[in-house]
Amino acid sequence: MKKDDFITYLVLWGVLLSACVYLICTGGVFSIFAKESPPISPETEDIFLYEQLVAENEEQARKKQEDLENHVWEEQQTGSQGTEDNQSEMDEQGNPDGTLEGESGTGQENTAQSEVGQGGQSETQSGSADAGTGSGEQTREVLSNAVAQFSQPGSFLNEFFIVDPNTTLSASEVPAEELLSMDMRMQGDAGTPQILIYHTHATEGYIDSSDADPATTVVGVGDYLTELLTTNYGYHVLHVTEKYDLAEGVLNRSRAYNYACDDLERILAENPSIEVIIDLHRDGVDENRHLVTEVDGKPTAQIMFFNGLCRTNESGELTSTPNAYIRENLAFSAQLEALGNTYYPDYVRGVYVKGYRYNLHFRPKSLLLEVGAQTNTLEEAKNAMIPFADILNKLLKGT
């Protein structure tokens with residue numbers, strides 16, 4: 001090799017070595033093989049924020065979703081029954097009051113004219129339940145505290161109400177201060193009937209119920225509630241046990257609300273002093289779900305209140321079946337829930353809101369009460385009536 005060529009090779013190797021040292025020192029050699037991470041898009045940031053918000057309210061969201069899913073699940077289980085209910089929601093009187101999709105069992109309609117009062121109605125009176133008994137300071141304090149607790153827009157709606165997908169309910173329609181401040185005290189005395197208890201679906205039973213024994217169904221639970229309200233609190237109670245969902249021995253719920261409506265009109269015309277109406281049911285849930293808590297050491301079925309808005313997403317306002325007492329119905333349920341949450345935590349599941357009327361239009365203090373579900377025992381359901389009678393009395397007497 002010539003001397004000039006050797007010098008040229010040395011210069012080239014020197015340049016190459018310098019370049020390698022530069023790349024190593026600056027990290028450039030690794031950037032050749034490294035993939036640059038794409039920037040986080042605004043959409044991705046939104047997902048992160050959403051997941052964070054959901055995590056913060058995970059338990060509350062889980063419970064509400066369970067209730068929604070169970071009502072949808074039960075609608076799927078009833079299959080053609082659910083379709084039949086929807087088709088029969090508009091009867092000859094324009095009554096869109098079909099079966100509650102959240103309820104389980106094999107209920108069906110009553111196609112025979114009911115005869116409440118001849119073996120289907122009991123009247124119980126004991127003591128005195130005069131209007132305005134007690135100062136009411138404690139009950140008002142509980143409700144005032146609830147108003148203060150849910151002062152943020154939307155918080156009352158989110159905490160107290162479970163809205164079915166077939167309808168809508170906005171925060172402005174359920175202002176906490178207005179609903180929790182309504183006067184729900186009993187106005188009359190026990191000289192005449194004050195409270196009516198009945199069962200649109202009287203055949204609903206529990207895990208240990210017997211079809212041959214109505215005392216083991218929701219009717220038996222209604223009997224026990226009647227006894228508590230009469231003996232312990234002195235109210236004058238009518239308990240109607242007519243099976244509106246049973247006709248000629250065949251269960252069918254598709255028009256049970258229609259038949260119950262006819263009877264309610266007659267009963268209330270004969271007993272205009274009635275101020276409180278309770279339609280006592282039991283819910284329907286997945287067979288793996290057990291709606292139970294503990295109250296005073298006793299296994300106690302959880303309860304849920306059910307309200308109708310006379311408004312569906314598909315049909316809009318159901319003007320043929322109006323209810324002038326929708327806000328009062330909601331207030332009645334919400335105040336009972338507030339008292340239940342205060343005195344018996346984990347006892348009240350919430351207020352489920354759906355699109356139809358459910359015969360809640362007869363009185364401001366009308367209530368559809370779900371006591372446990374088909375997976376509860378009769379004992380658990382009866383035990384649930386002890387705290388319910390207590391909070392109802394607190395509200396009605398203002399004590």
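Which residues form one aromatic cluster? In this predicted model, the answer is Tyr257, Phe306, Tyr352, Tyr356 and Tyr358. That cluster is a handy way into the structure, but a little background helps before going further.

The chain is built from 12 helices and 14 strands. Of its 399 residues, 51% are buried. Contacts also reach far along the sequence: taking those between residues at least 6 apart, 84% join residues at least 24 apart.

Back to the rings. Searching the whole structure turns up 9 aromatic pairs. One of them brings together phenylalanine 150 and phenylalanine 160, whose ring centres are 5.2 Å apart and whose planes meet at 80°, so this pair is edge-to-face. Phenylalanine 150 sits in the loop between α6 (137–149) and α7 (155–160), while phenylalanine 160 belongs to helix α7 itself, 10 residues apart from its partner. Both phenylalanine 150 and phenylalanine 160 are buried.

Another pair comes from the cluster mentioned at the start, which includes Tyr257 and Tyr358. Tyrosine 257 and tyrosine 358 also meet edge-to-face, with 5.6 Å from centre to centre and 70° between the planes. Here tyrosine 257 is part of helix α10 (residues 256–270) and tyrosine 358 is in the loop between β13 (348–354) and β14 (365–373), so the pair ties together parts of the chain 101 residues apart in sequence. Tyrosine 257 is buried, and tyrosine 358 is too.

Rings in this model also have charged company. The charged end of lysine 394 sits over the ring of tyrosine 343, at 4.7 Å from the ring's centre. Lysine 397 does something similar with tyrosine 235, lying over the face of that ring at 5.2 Å from its centre.

Lysine 397 turns up again beside arginine 185: their C-alpha atoms are 5.4 Å apart, although 212 residues separate the two along the chain. Arginine 185 is found in the loop between α8 (176–179) and β3 (195–198). With a relative accessible area of 30%, arginine 185 is partly exposed. Setting aside neighbours within four places in sequence, arginine 185 touches Arg140, Glu275, Lys365, Leu395, Leu396, Lys397 and Gly398.

Leu395 is a contact of glutamine 335 as well. Is glutamine 335 buried or exposed? Its relative accessibility is just 1%, and because the cut-off for buried is under 20%, glutamine 335 counts as buried. The residue is part of helix α11 (residues 326–343). Apart from residues up to four places away in sequence, its contacts are Leu143, Leu179, Leu180, Ser181, Met182, Met184 and Leu395.

That leaves a look at how two of the helices pack. Helix α9 (residues 218–232) and helix α12 (residues 378–397) come together at an angle of about 35°, and their axes are 9 Å apart. The crossing of α9 and α12 is right-handed. On the α9 side, the contact is made by Gly220, Val221, Tyr224, Leu225, Leu228 and Leu229. Helix α12 brings Leu378, Ala381, Lys382, Met385, Ile386, Phe388, Ala389 and Leu392. Sorted by type, the residues of this contact come to 12 nonpolar, 1 polar and 1 charged.

Technical notes:
Residues numbered from 1 in each chain as written. Predicted model: local features only at pLDDT ≥ 70, side-chain atom pairs only at ≥ 80, totals over all residues. Heavy atoms only, no water. Axes fitted to C-alpha atoms, helices over the stretch in contact; angles between N-to-C directions. Helix = DSSP H or I, 4+ residues; strand = E, 2+ residues; numbered from the N terminus. Left-handed = near helix turned anticlockwise from the far one by under 90°. Contact = heavy atoms within 4.5 Å. Nonpolar A, V, L, I, M, F, W, Y, C, P; charged D, E, K, R; others polar. Phe/Tyr/Trp six-rings, centres within 6.5 Å; stacked < 30°, edge-to-face > 60°. Buried < 20%, exposed > 50% of the residue type's maximum accessible area, 1.4 Å probe, protein only. Lys NZ or Arg CZ within 6 Å of the ring centre and 35° of its normal.
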